[in-house]
Amino acid sequence: MAKIRKGLSDADMLRGFNEEITFENGMYAEEKVKQSKIKAKAPAKKELLLPEDAQEKLNRFLLEISMEWLKNKKGDYSWKVAKENDQIIIKPVANTKK
């Protein structure tokens with residue numbers, strides 16, 4: 001009786017194994033496996049109501065502010081979004097530990 005080693009992956013356990021062709025497994029040997037035509041859907045993007053160049057500028061500015069925050073404050077933060085009159089204000093705010 002052979003001793004089974006622990007911690008082997010499936011591929012390691014089946015290395016060198018050849019299945020004998022029998023009636024049960026031989027009748028499907030000639031069929032090709034069809035690839036599923038259903039592909040994993042990418043998560044839907046949320047639409048931002050800004051032109052593409054404005055979105056790029058916004059992302060660049062947010063990245064710059066993030067880098068400055070992390071360099072100077074050295075802490076976790078989240079974005080606070082507020083509307084004042086006809087302006088939208090986005091600023092980093094320190095996360096409070098609960």
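Trainee: How many helices and strands does the protein chain have?

Mentor: Good place to start! Keep in mind that this is a predicted model. Reading from the N terminus, the elements run α-α-α-β-β. Counting by kind, the protein chain has three helices and two strands.

Trainee: In which element is the confidence highest?

Mentor: Let's begin with the whole protein chain, where pLDDT averages 79 and 76% of the residues score at least 70. Helix 2, residues 23–26, has the lowest confidence, with a mean of 72. At the other end of the scale, with a mean of 91, is strand 1, residues 77–84.

Trainee: What share of the residues in the protein chain is buried?

Mentor: Here a residue counts as buried when its relative accessible area is under 20%. Of the 98 residues in the protein chain, the buried ones make up 3%.

Trainee: Which elements give two or more residues to the nonpolar surface patch?

Mentor: Nice one to trace on the structure! The patch covers about 450 Å² and is made by I65, W79, V81, I88 and I90. One of these, W79, sits in strand 1. The elements that contribute two or more residues to the patch are strand 1 and strand 2 (87–94).

Trainee: Is W79 buried, partly exposed or exposed?

Mentor: Compare its value with the cut-offs: under 20% is buried, and over 50% is exposed. The relative accessible area of W79 is 32%, so this residue is partly exposed.

Trainee: How much of the area that the protein chain exposes comes from carbon and sulfur atoms?

Mentor: The protein chain exposes about 10,800 Å². Of that area, carbon and sulfur atoms supply 56%.

Note on methods. Residues are numbered from 1 along each chain as its sequence is written. This is a predicted model: local features need pLDDT of at least 70, side-chain atom pairs count only at pLDDT 80 or more; totals for chains, interfaces and linings use all residues. Side-chain values use heavy atoms; hydrogens and water are left out. pLDDT is the predictor's confidence in each residue, from 0 to 100. Helices (H or I, at least four residues) and strands (E, at least two) are DSSP runs, numbered from the N terminus. Buried means under 20% relative accessible area, exposed over 50%, partly exposed in between (1.4 Å probe, protein chains only). Accessible areas come from the Shrake-Rupley method with a 1.4 Å probe; for residues, only the protein chains shown count as cover. Patches are made of residues with over 30% relative accessible area and no salt bridge: like charges are joined within 9 Å, nonpolar side chains (Val, Leu, Ile, Met, Phe, Trp, Tyr) within 5 Å. A salt bridge is a side-chain nitrogen of Lys or Arg within 4 Å of a carboxyl oxygen of Asp or Glu.
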